[in-house]
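Work through the exercises below with the sequence and the coordinates at hand. Each task is followed by a solution in steps.

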Amino acid sequence: GLIANSAAVVIRAMLVAPLMTPILAVAAALVHAQGRRLGVSTAVLVGGTVAAIATGWVISRLAPGTLTAAELTAELLARTRPSLLDLGVAVAAGLAGGYVLTHPRAGSSLPGVAIAVALVPPLATVGISLELGSTSAAEGALLLFTTNLVAIVLSAMTVMLVSGFVPSDTRLMVKGRLRIGFAVAILATIGVAVPLTWHTLDVIRDQGFTREVIRAVREWDPASRIIELEADIGESQASVDLVVASNRTPVPAWRLAELLAQGREVPVEVAVDYRLEQRDEATAD
C-alpha cells in the first residue's frame, strides 16, 4: 500500500494492528509494576518493530517499479513529517486503548483505535526508506512511531490507573515503582515533543512561505497558472520549484526570484518549468 500509494490498502492493513496489544500490555505491566510481564511485552514489541521494518525493506527490495529516494509516494511522505498534531492523536488513541483494555465489552472498538493511530505503517516506511537510501525519511518515520508509542503508553497508563484497573492495595505496594514508570513515560513523551515542535514550526514556516510564493506568482505573471509548487525555506536558503502553464511567452524566472527575495535575509533559488497552453480548433466537412 505504501509503495503503490494506495490509502485504501494501508487503512485495511492497519486493521490488523499487531503492535497495539503489546503496547497496551507494556502500559498494563507498568501500572502493576510487574517486571517479568513488562520484559515479555517489551520483547514482543521490539520483535514486532524489527519485523515490520525488515518487512518494509524486503518488499521494497523485491517490488517492481521506479520508486526512488527523491520521489517517494504521498503515502510514504505522509509518515515522514510528524508534528504535534500526531502527538495529540496518539494521546487520544492511548486513552481509547486504555479504556478498551479495562472495559472488555468495548473490545470491538480496538480496530478503530488502531486505524486512528499509525504503528506499523511508519515502521514499514522506515524499512522502505532505508532500502532506498533516504535516511532523513527513515528518521522522520521512526520519530512518528516513537511518538505514537510513548504517547499511547502514557495515556493508557493514566486511564488504567484512574479507572480502578489497579487495585488500591496493589497500588500502595508498588507506589514507588509506579511513580518511576510514570516518570519514564512522561520524560519519553517530553523527549519526542521537542523534535516534534521543531518539525511543526518548520511546517508552519514552509506553509507561510508557500502562500507568499502564490501571491508573488500572481504579481510576477498574472497570465500563468500554477500546476505544481514546492516551496521550502531554511536558515540559509529558500528554494522554490514551480511548474506553471501559460498561453504567452514565459516571464524570466529571475524576476520572480527578485520579488521573493525582497525583505528576506536569505537567498532565494527559483526553478520554473513552463508549459505552453495553446488552443487549436478546426472544422472539416
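For the exercises on pocket linings, Ala, Val, Leu, Ile, Met, Phe, Trp, Tyr, Cys and Pro count as nonpolar, Asp, Glu, Lys and Arg as charged, and the others, Gly among them, as polar. The model is predicted.

**Exercise 1. Describe the lining of the second largest pocket by volume, elements and residue class.**

Step 1. The second largest pocket holds about 480 Å³ of space.

Step 2. Its lining has 24 residues, and those closest to the centre are Leu2, Ala13, Val120, Pro121 and Ala124.

Step 3. Two or more residues each come from helix H1 (7-14), helix H3 (35-62) and helix H7 (120-132). H3 gives the most, with six residues.

Step 4. Sorted by class, the lining of the second largest pocket has 20 nonpolar residues, four polar and no charged.

**Exercise 2. Do the same for the largest pocket, and state which element gives the most to its lining.**

Step 1. The volume of the largest pocket is about 940 Å³.

Step 2. Among its 30 lining residues, Leu77, Arg81, Asp206, Ala231 and Asp232 are the closest to the centre.

Step 3. The elements with two or more residues in this lining are helix H8 (135-162), H10, S1, S2 and S3. The most come from H10, which gives seven residues.

Step 4. By class, the lining of the largest pocket divides into 12 nonpolar, eight polar and 10 charged residues.

**Exercise 3. Derive the strand order of the sheet and the sense of each pairing.**

Step 1. Take S1 and S2 to begin with. They run antiparallel and are joined by eight bridges. A hairpin through four residues connects S1 to S2. As an example of a bridge, Leu229 has Leu242 in S2 as its partner.

Step 2. Now take strand S2 (residues 238-246) with S3. This pairing is parallel, over nine bridges. Here Asp241 has Ala271 in S3 as its bridge partner.

Step 3. Put the pairings together: the sheet is open, with three strands in the order S1-S2-S3 and mixed pairing. Strand S1 (225-233) and strand S3 (268-276) are the edge strands, each pairing on one side only. From one strand to the next, the twist averages 10 degrees.

**Exercise 4. Which helices lie across strands of the sheet, and at what angles do they run?**

Step 1. Helix H10 (residues 175-220) lies across S1, S2 and S3, and its direction is at about 140 degrees to S1.

Step 2. Helix H11 (residues 253-261) lies across S2 and S3 and runs at about 140 degrees to S3.

**Exercise 5. How many aromatic pairs does the structure hold, and why does the pair of Trp220 and Tyr274 count as tilted?**

Step 1. The count is one aromatic pair.

Step 2. The ring centres of Trp220 and Tyr274 are 6.2 Å apart. Rings pair if their centres lie within 6.5 Å.

Step 3. Planes under 30 degrees apart count as stacked and planes over 60 as edge-to-face. The planes of Trp220 and Tyr274 are at 40 degrees, so the pair is tilted.

Step 4. Place the two residues in the chain. Trp220 is in helix H10 and Tyr274 in strand S3, 54 residues apart, and the pair thus links distant parts of the chain.

Key
Residues are numbered from 1 along each chain as its sequence is written. This is a predicted model: local features need pLDDT of at least 70, side-chain atom pairs count only at pLDDT 80 or more; totals for chains, interfaces and linings use all residues. Side-chain values use heavy atoms; hydrogens and water are left out. Two strands pair if DSSP finds at least two bridges between them. Axes are lines fitted to C-alpha atoms, for helices over the stretch in contact, and angles run from 0 to 180 degrees between N-to-C directions. Contact means heavy atoms within 4.5 Å. On a 1 Å grid over the protein atoms alone, a cavity is a set of points where a 1.4 Å probe fits but cannot get out, and a pocket is an open set with protein on both sides within 12 Å along at least five of seven lines; lining residues have an atom within 4 Å of a point. Grid points are joined across faces, edges and corners, and a volume is the space filled by probe spheres set on the points. Rings of Phe, Tyr and Trp (its six-membered ring) pair if their centres lie within 6.5 Å; planes under 30 degrees apart count as stacked, over 60 as edge-to-face and the rest as tilted.
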